[in-house]
Amino acid sequence: MASAPENEKNASAPEKKTLTLKSMINNEEFVVDEHVALQSVTIKNMVDSDCAGDVIPVPTISGEILALVIEYCKNHANPSASEDDLKKADAGIVAKDIYTLIDLVLAANFLDIKGLLEVTSQKIADSIKDLPHQDVREIFGVENDYTPEEEAAVRAEHDWAFEGFP
Amino acid sequence: MPHHNKNIDMFSQLTNPIIIIIISFLPFKDAVKTSVLSKRWRHLWYGTTTIDLDQAFFVDPNEDSSIRSVQRNSFIEFSKRLIQYYSRPTIAKFHLAFSLSEPPQSNVTDLQELIHFAISHKVKALDLDFSNPTWDEQSHTHHCPVELYELPDWADDDDDLESLKLFSCNFRVSEFNKFGALKSLSLGWVKLPTSSFKSLLLSCVFLESLSLKKCWDLESVEIRSQRLMTLVIDKCSSLENGVVIDVPNLRVFKYCGPVVYFVTEYLNGIVEADLDFGIEVEFNEHGDVLHQLLMDVWCVRILSVCSYMLQVIPSSEEYPSMKPPLNGVKHMILKTALHAHEYHGISFFLSSCPNLETLTIDIDPARRIFPERGTHLNLYEHEFLSKYIMVYRCVERSLKVVEIKGFKGAINEVVVINYLLSYGPALERMSITVAKELGPGGQHMEESYRQQAHKILKFRRASKTLNIMIN
């Protein structure tokens with residue numbers, strides 16, 4: 001293909017490489033520019049060490065979540081986006097229900113995308129901070145294994161933090 | 001979300017390191033509260049990278065001093081326990097607020113230990129506040145009656161520290177040579193002689209944000225920088241030799257203090273300016289100085305001005321409006337008493353901001369009104385009070401949102417609101433927040449203010465789509 005004549009006038013511009021990411025949960029495939037996908041340190045390491053084939057399988061991340069991740073990476077790979085633009089775009093991506101956000105934080109952690117991990121964690125923290133403990137337990141699938149006495153003792157240990165909290 | 005995988009699988013992936021990342025984004029107090037969720041969560045918060053040790057969590061200012069002293073001790077005990085059990089190699093934010101001017105004069109070595117802990121954990125944002133919350137910010141005296149805390153020296157160069165805030169904390173300027181990554185600096189309640197400030201700026205070449213609050217012995221602020229984007233000068237009342245700013249990339253400029261000599265150049269990138277001279281106790285014909293300052297920030301989008309500005313600007317030669325106008329201003333904030341003596345100033349800004357979209361009127365009757373102002377301007381023909389109507393371009397065309405805070409329904413407030421309602425066809429939203437303060441006899445007035453606000457709903461409006469909200 002190096003000899004293809006139509007490439008001549010674009011000779012100075014390197015050809016855009018793409019990667020295909022495939023969700024192993026529902027087999028959805030996404031074709032992404034390489035520089036967009038490389039914002040994931042995990043993918044970058046695979047590419048750098050030549051472990052990446054034509055299709056990169058992404059375990060445990062659904063297509064729905066992968067689409068969000070790619071949207072984030074596209075926004076942040078755009079050199080002309082201003083800080084304000086990115087902030088707005090990020091806010092849009094994390095305007096989701098809490099369970100989607102937890103899926104997203106797991107995806108950001110697995111793919112090692114620091115910025116996405118941070119905005120998603122911040123959003124989760126903002127949404128749980130004023131909730132009653134029982135609601136937070138449900139969100140994180142936590143079973144309260146304290147006896148009532150133990151729970152009271154833990155509260156008493158840091159009573160200053162629980163002041164005015166039911 | 002019926003199809004959603006809120007299932008065991010998802011929860012099993014929520015490992016402790018991920019939970020700790022989420023906990024780190026909670027306010028510190030809420031992070032501590034997660035200890036009660038389950039046994040597994042009990043100590044996870046010890047990994048939060050946002051540490052906020054504030055004596056206000058422990059100390060009740062209304063208690064007498066012996067109880068406060070016990071509370072301060074438990075605060076120190078808690079802090080020491082935290083650094084003993086802390087489970088992470090790094091800290092993102094470390095805030096320590098402990099007033100030194102109260103007994104017990106806690107062991108300085110305890111504080112030293114806390115600070116060393118933060119530094120040795122490569123803290124990115126360090127915030128040390130040893131001031132006393134009861135100190136009077138408005139007072140003109142420059143001296144705090146206590147010894148200031150002495151910041152310990154850093155052992156090595158520190159390329160992690162990006163943001164540093166020191167309140168009521170002495171430091172050695174030479175230390176700043178060690179901070180290779182410092183972008184944001186905030187100093188307050190500290191003696192800062194002009195010469196120290198100058199050498200400080202020479203050491204901090206990467207600063208993007210600088211805030212000076214209640215710094216004394218500082219006679220002038222002279223800044224030339226390509227990087228600085230935010231500059232705040234708050235109640236530094238010894239600035240006799242003025243403020244010189246040559247900062248082409250400055251985006252936010254906030255000044256609160258007496259009127260001083262300002263020299264500003266090339267503020268072409270400025271987005272937000274807050275000019276507050278509310279601290280002035282005397283009326284002066286400073287109109288031209290203030291006008292010049294407004295000219296310097298002419299391209300702002302968000303402009304906040306004070307009651308003093310509103311009373312004094314009519315004494316400028318350029319009155320009644322800016323030439324060229326402040327075309328960029330979209331949002332204007334008036335810190336006002338809405339006293340009749342401010343009306344000419346308000347008109348000046350309405351007429352000078354032809355593209356204004358949002359007007360915030362922050363009413364506080366305690367703002368200082370100067371009876372001597374306005375000798376040459378009378379109110380009989382002012383548009384708020386008379387039938388000689390002058391409608392400004394912004395009111396006629398662009399003004400969409402009016403926010404009124406601290407509404408009490410006094411006549412001087414009502415005439416301004418009436419004017420905006422009668423002549424503002426583009427208005428979409430007006431929000432009226434009633435004053436919360438008690439009446440002169442200590443009685444609750446909120447309900448009666450609210451009733452006054454409801455009368456506004458019946459006023460004639462030029463806009464057909466206006467929505468008025470009363471809070």
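Two residues are in contact if their C-beta atoms, placed from the backbone, lie within 7 Å. Keep that rule at hand for the exercises below.

This is a predicted model, in which local features need pLDDT of at least 70, side-chain atom pairs count only at pLDDT 80 or more, and totals for chains, interfaces and linings use all residues. Residues are numbered from 1 along each chain as its sequence is written, while chains are lettered from A and ligands numbered from 1 in the order in which they are written.

**Exercise 1. A residue and its core**

Task: Find which residues A108(A) touches, leaving out residues up to four places away in sequence, and then place A108(A) in the largest nonpolar core.

Solution:
- Step 1. The partners of A108(A) are V69(A), I113(A), L116(A), L117(A) and T120(A), once residues up to four places away in sequence are set aside.
- Step 2. Next come two terms. A residue is buried if 20 or more other C-beta atoms lie within 10 Å of its own, exposed if 12 or fewer, and partly exposed in between, with C-beta atoms placed from the backbone. A nonpolar core is a set of buried Ala, Val, Leu, Ile, Met, Phe, Trp, Tyr and Cys residues joined through C-beta atoms within 7 Å.
- Step 3. The largest such core has 153 residues, and A108(A) is among those with the most contacts inside it, along with V69(A), V105(A), L250(B) and M309(B).
- Step 4. Helix α5(A) gives the most to this core, eight residues. Helices (H or I, at least four residues) and strands (E, at least two) are DSSP runs, numbered from the N terminus.
- Step 5. Domain 1 (16-129) and domain 2 (130-166) of chain A both contribute residues, so the core lies between them. Domain bounds come from an automatic or database domain assignment.
- Step 6. The centres of domain 1 of chain A and domain 2 of chain A, taken over C-alpha atoms, are 33 Å apart.

**Exercise 2. Where chain A meets chain B**

Task: Work out how many residues each chain gives to the contact, and which element of chain A has the largest share.

Solution:
- Step 1. Chain A supplies 32 residues and chain B supplies 26 residues.
- Step 2. On the chain A side, the elements giving two or more residues are α5 (98-111), α6 (114-128), α7 (133-139), α8 (148-157) and α9 (159-162).
- Step 3. The largest share, six residues, belongs to α5(A).
- Step 4. By class, this side of chain A has 16 nonpolar, eight polar and eight charged residues. Here Ala, Val, Leu, Ile, Met, Phe, Trp, Tyr, Cys and Pro count as nonpolar, Asp, Glu, Lys and Arg as charged, and the others, Gly among them, as polar.

**Exercise 3. Two open sheets**

Task: Give the strand order and pairing of the three-stranded open sheet in chain A, then do likewise for the one in chain B.

Solution:
- Step 1. Two strands pair if DSSP finds at least two bridges between them.
- Step 2. In chain A the order is β2-β1-β3, with mixed pairing. Strands β2 (29-33) and β3 (55-58) of chain A stand at the edges with a single partner strand each, so one side of each has no neighbour in the sheet.
- Step 3. Strand β1 (residues 18-23) of chain A pairs with β3(A) in the parallel sense over four bridges, and K22(A) stands opposite P57(A) in β3(A).
- Step 4. In chain B the order is β9-β11-β13, with parallel pairing. The edges are β9 (221-224) and β13 (262-265) of chain B, each with a single partner strand, so one side of each is left without a neighbour in the sheet.
- Step 5. Strand β11 (residues 243-246) of chain B pairs with β13(B) in the parallel sense over four bridges, and V244(B) stands opposite V263(B).

**Exercise 4. Backbone points to check in chain B**

Task: Locate the cis peptide bonds at P320(B) and P324(B), then decide whether K214(B) is buried or exposed.

Solution:
- Step 1. Most residues other than glycine have a negative phi, and most peptide bonds are trans.
- Step 2. Y319(B) and P320(B) are joined by a cis peptide bond with omega about 15 degrees, and P320(B) is in the loop between α8 (307-312) and β16 (331-336) of chain B.
- Step 3. K323(B) and P324(B) are joined by a cis peptide bond with omega about -5 degrees; P324(B) is also found in the loop between α8 and β16 of chain B.
- Step 4. K214(B), in strand β8 (residues 209-216) of chain B, is not a glycine yet has a positive phi of about 50 degrees. K214(B) counts as buried because it has 23 C-beta neighbours inside 10 Å.
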